[in-house]
Amino acid sequence: MIATYLVQKSTQIDPEFLNSVHSFLEKHGEMIVRKHNPYCYAGNWGVLENHGLFLLGVLLPKNEKIQNFQRQAISVLTKALDVQILPDGVQVEQSAMYHNEVLRCMLEVIYFARIANIRLDIKFVKKVYKMAYATRYMLKPDGNEFANGDSDVMNMRSILQMVAVLFRDGRLKFTPDEDFSYETFMLFGEEEREIFLS
């Protein structure tokens with residue numbers, strides 16, 4: 001959905017093709033709603049699918065069904081944070097990769113909620129912020145996460161950049177003089193990059 005968001009205003013995108021993509025994504029959202037079960041609260045995959053449902057609810061052309069995507073996703077994600085995030089900010093599955101998957105999803109929810117003027121509960125936002133500090137303290141000196149508990153070796157600088165931008169917290173930059181990653185730039189753009197670098 002984010003890829004669609006980034007390119008949908010391009011003159012190179014055929015409107016008929018974009019409508020087809022939107023129609024497909026709406027059907028996907030319907031399936032997530034229909035197949036919902038309480039296990040969604042317990043694991044990272046439940047966050048991933050409901051993060052997607054939230055993005056559909058915010059970014060697809062609006063109707064009552066799409067608005068319901070948004071409402072259900074926020075309800076599920078709020079409960080999932082309560083179930084999955086331990087008091088120290090670490091995701092319960094004890095895998096650096098799962099923790100950071102959940103964190104990235106939640107950061108994108110915060111970002112797109114702001115774009116859509118949707119107020120999120122302050123406890124939700126604070127829990128995500130705590131997760132970000134857990135990520136910062138769990139990284140190796142090269143910025144990679146530890147390959148523990150079914151994790152891959154992946155660099156987490158772009159996640160920390162997202163947090164630094166969303167929370168205006170320069171302490172979460174990996175290094176004081178770093179620049180945006182390509183991924184971060186695509187999402188936030190030049191204006192936020194200038195703030196990040198200042």
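# A walk through the helices, starting at a pocket

Start with the largest pocket, which has a volume of about 160 Å³. Keep in mind as you go that this is a predicted model. To see the pocket, select its lining: Ile110, Ala113, Arg114, Ile118, Arg119, Leu120, Ile122 and Val125. Now colour by element. Helices H5 and H6 are the elements that give two or more residues to this lining, and H5 gives the most, with three residues. What kinds of residue make up the lining of the pocket? Six are nonpolar, two are charged and none is polar.

**Next stop: the loop beside the pocket**

Select Asn117, in the loop between H5 and H6. Asn117 is exposed, with a relative accessible area of 72%. Check its backbone too. Most residues other than glycine have a negative phi. Asn117 is not a glycine, yet its phi is positive, about 55 degrees.

**Along H5 to H7**

Now show H5 as residues 96-115 and H7 as residues 157-166. Two packed helices are described by the angle between their axes and the distance between the axes. For H5 and H7 the angle is about 35 degrees, and the axes are 10 Å apart. Turn the view until one helix lies over the other: H5 passes H7 in a left-handed crossing.

Which residues make the contact? On the H5 side, select Asn100, Leu103, Arg104, Leu107, Glu108, Ile110, Tyr111 and Arg114. On the H7 side, add Ser158, Ile159, Met162, Val163 and Leu166. Sorted by type, the residues of this contact are eight nonpolar, two polar and three charged. You may recognise two of the H5 names: Ile110 and Arg114 also line the largest pocket.

If the spacing of those names catches your eye, there is a general rule to go with it. An α-helix has 3.6 residues a turn, so residues three or four places apart point the same way.

**Inside H7**

Stay on H7 and switch on a surface for everything else. Is H7 largely enclosed or largely open? Nine of its 10 residues are buried, so H7 is largely enclosed by the rest of the structure. The buried ones to select are Ser158, Ile159, Leu160, Gln161, Met162, Val163, Ala164, Val165 and Leu166. What do they pack against? Their partners are H5, helix H6 (122-138) and helix H8 (182-197), so put those three helices on screen around H7.

**Either side of H7**

Before H7, go to Asp150, in the loop between H6 and H7. Asp150 has a phi near 70 degrees, a positive value in a residue other than glycine. Is Asp150 buried or exposed? At 55% relative accessibility, Asp150 counts as exposed.

After H7, pick Arg168, which follows the helix and has a positive phi near 50 degrees. Then move to Asp169, in the loop between H7 and H8. Asp169 is buried, with a relative accessible area of 4%. What does Asp169 touch? Leaving out residues up to four places away in sequence, Asp169 touches Tyr129, Tyr133 and Ala164. Ala164 is one of the buried residues of H7 you selected earlier. For a distance check, draw a line from the C-alpha of Asp169 to that of Phe196: they are 9.3 Å apart in space and 27 residues apart in sequence.

**Across to H2**

For a longer line, join the C-alpha atoms of Arg168 and Glu26, which are separated by 34 Å and lie 142 residues apart along the chain. Glu26 is in helix H2. Around it, select Leu60, Asn63, Lys65, Ile66 and Phe69, which Glu26 touches when residues up to four places away in sequence are not counted.

Asn19 is in H2 as well. At 52% relative accessibility, Asn19 counts as exposed, since the cut-off is over 50%. Its C-alpha is 9.7 Å from that of Pro61, with their places 42 residues apart in sequence.

**Last stop: Gln12**

Finish in the loop between helix H1 (2-7) and helix H2 (15-34), where you'll find Gln12. Gln12 counts as exposed, at 70% relative accessibility. To get back to where the tour began, draw a line from Gln12 to Ile115: their C-alpha atoms are separated by 24 Å, and they are 103 residues apart along the chain. Ile115 falls in H5, which covers residues 96-115, the helix that gives the most to the lining of the largest pocket.

Notes: Residues are numbered from 1 along each chain as its sequence is written. This is a predicted model: local features need pLDDT of at least 70, side-chain atom pairs count only at pLDDT 80 or more; totals for chains, interfaces and linings use all residues. Side-chain values use heavy atoms; hydrogens and water are left out. Axes are lines fitted to C-alpha atoms, for helices over the stretch in contact, and angles run from 0 to 180 degrees between N-to-C directions. Helices (H or I, at least four residues) and strands (E, at least two) are DSSP runs, numbered from the N terminus. A crossing is left-handed if the near helix is turned anticlockwise from the far one by less than a right angle, and right-handed if clockwise. Contact means heavy atoms within 4.5 Å. Ala, Val, Leu, Ile, Met, Phe, Trp, Tyr, Cys and Pro count as nonpolar, Asp, Glu, Lys and Arg as charged, and the others, Gly among them, as polar. Buried means under 20% relative accessible area, exposed over 50%, partly exposed in between (1.4 Å probe, protein chains only). On a 1 Å grid over the protein atoms alone, a cavity is a set of points where a 1.4 Å probe fits but cannot get out, and a pocket is an open set with protein on both sides within 12 Å along at least five of seven lines; lining residues have an atom within 4 Å of a point. Grid points are joined across faces, edges and corners, and a volume is the space filled by probe spheres set on the points.
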